[in-house]
Amino acid sequence: MTPPPDTSAAPAAGTQPEEADRLRELLRSRPYQKALVLSAAIGVPVSLAAFFFLAGLHELEHLLWAELPAGFGWSVPPWWWPLPLLTVAGLVVGLVVTRLPGAGGHIPAGGLHTAGMAPAALPGVILAAAASLPLGATLGPEAPLIALGGGLALWFRNLARAPGTPQSTALLGAAGAAAALATIFGNPLIAAVILIEVAGVGGPQLFAVMLPALLSSGIGSLVFTGFGRWTGFATGSLSVKVGVPFPRLDAGDVIWSVLMAVAVAVAVHLTLSTGRRAAVFVAAGRPVVHTTLCALAAGVCAAVYALTVHRSPADVASSGQAVLARLAADPYAWGVGALVAVLLCKGLAYALCLGSLRGGPIFPSLFLGAAAGVLLAPLPGLGVVPGMAAGMAAASAAALRLPVSSVLLVVLVLGSAAMIPVVILAAVVAFVTVELLPPGRPVPPVGRPAGPPAARPAATWDDGAEHGAGTKRRSTR
């Protein structure tokens, strides 16, 4: 009998040696080497543009919410302050959506996007973000930064008259988005990890997309850090100083973190569903009027909060980054009534802004999760810090549907690895919970999108199946 052939030395399809050979061939290819060099070059101007964009937003917000009220003799903005500001924000965003290419960027209720923004959409993206974020939108700057970075990268490529293919467009778009996104997190690694999950690619394509993104965001991190020290401008950084000691985790922290993650995930899912309904309302004819009404309603939420608990309406009418820092520094300064009020009012304002204005979903979800954790901290066996950590991880994972990025975000925010076990548990449980819940209605297109095909669903990366450059994953909607 003839013995069977020895196949032990031959790698099976898809094994690690074969994948390594494919990666080696890719790294040796001249077009990919040129893309790496171009990504490194693009990281400098994109990070500078993102730096000044964030610095401008920060200065304008400080002017409108601190200097201007102080000029009238108010230590904090009065309760009615968000009403005119958010009305103007809604009016401007509505005009941008209907008059400029690109509709001012992706609708936040659809989640984070990494593709679909052509250079022609950049003016609308910048104008809509400048009208939304400093004037009191309950949104963060990360989505406009992704659009800004990706659009600028493609604009620089066109300016240099470099050849454009679906693969190079994907690579440069990821590199530009990573360079811009790193400015707001103060960490190039988290920007790259977010793009890994949002892109949803794997195997050699994962390295193909992420090497330019890591290279560009690393260079961009050096540029904006040094430039910030030189100019003295502040862009903000996603980190907080926790004013209470980090405890040792015990069984009570773990059990309550899992239960809390389920509840937070359901609440965030309902909030996002309300945001998608707001987006449907905005798209159902007369976008300018409907956008203004949604923005004004978000302002009413902030005003009701200020009247109810006699705190600044900026607690609601903001991304939540500064308020999160104050909450973490002194969680015991917030009474039960203030925490319940900010959760209800900011949650509703968040939903309204998700469907009408322009920005990102990360910062408000982190604050809402932290507030929920502080509110539930008196439960027997649950501490304040584990509650905050689990709440932030659950809320961000439910809002973004990016569990790995959510874990890294919370660890970055806390500046400590002590809470990693409950952070991972809460993020995974929240992610599984929202995936098992019924999906909401799709976000309708609004305005006139710029560039080629309409924007794809959130958290999707696909250069076209004919090129084999990417694979689709489930939308974060």
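Biologist: Before we get to α10, what is the expected span of a helix?
Modeller: The expected span is 1.5 Å times one less than the number of residues in the helix.

Biologist: Okay. How far does α10 reach from its first C-alpha to its last?
Modeller: This is a predicted model, and in it α10 reaches 33 Å over residues 287–309. That is close to the 33 Å expected for its 23 residues.

Biologist: What phi does His310 take, just after α10?
Modeller: A positive one, about 60°.

Biologist: Zoom out. How many helices and strands in the chain?
Modeller: There are 16 helices and zero strands.

Biologist: And what share of the residues is buried?
Modeller: Buried residues are 53% of the 477 in the chain. The accessible surface comes to about 19,400 Å². Carbon and sulfur atoms account for 69% of that surface.

Biologist: Which residues touch the most other members of the largest nonpolar core?
Modeller: Ile194, Trp334, Ile362 and Phe367, in a core of 118 residues. Helix α14, residues 384–400, gives the most to this core, with 13 residues.

Biologist: Take Ile362. What does Ile362 touch, leaving out residues up to four places away in sequence?
Modeller: Leu112, Glu142, Phe185, Ile194, Leu400 and Leu409.

Biologist: What about contacts across the whole chain, how many join residues at least 24 apart?
Modeller: 80%, counting contacts between residues at least 6 apart in sequence.

Biologist: New topic. How many disulfides does the structure hold?
Modeller: Zero. For Cys345, the nearest cysteine sulfur is that of Cys301, 6.0 Å away. A disulfide needs the sulfur atoms within 2.5 Å, so Cys345 is in none. Cys353 is in no disulfide either; the nearest cysteine sulfur there is also that of Cys301, at 8.5 Å.

Biologist: Are Cys345 and Cys353 buried or exposed?
Modeller: Buried. Cys345 has a relative accessible area of 13%. Cys353 has 0%.

Biologist: Now aromatics. How many pairs does a search of the whole structure find?
Modeller: Six aromatic pairs. One of them is formed by Phe51 and Phe52, 5.3 Å centre to centre, with 80° between the planes.

Biologist: Why does the Phe51 and Phe52 pair count as edge-to-face?
Modeller: Because planes over 60 degrees apart count that way, and here the angle is 80°.

Biologist: How do Phe51 and Phe52 sit, buried or exposed?
Modeller: Phe51 counts as buried, at 2% relative accessibility. Phe52 is partly exposed, with a relative accessible area of 43%.

Biologist: Last one. Which residues form the aromatic cluster with Phe72?
Modeller: Trp74, Trp80 and Trp81 join Phe72 in one cluster.

Note on methods: Residues are numbered from 1 along each chain as its sequence is written. This is a predicted model: local features need pLDDT of at least 70, side-chain atom pairs count only at pLDDT 80 or more; totals for chains, interfaces and linings use all residues. Side-chain values use heavy atoms; hydrogens and water are left out. Helices (H or I, at least four residues) and strands (E, at least two) are DSSP runs, numbered from the N terminus. Buried means under 20% relative accessible area, exposed over 50%, partly exposed in between (1.4 Å probe, protein chains only). Contact means heavy atoms within 4.5 Å. Accessible areas come from the Shrake-Rupley method with a 1.4 Å probe; for residues, only the protein chains shown count as cover. A nonpolar core is a set of buried Ala, Val, Leu, Ile, Met, Phe, Trp, Tyr and Cys residues joined through side-chain atoms within 4.5 Å. Rings of Phe, Tyr and Trp (its six-membered ring) pair if their centres lie within 6.5 Å; planes under 30 degrees apart count as stacked, over 60 as edge-to-face and the rest as tilted.
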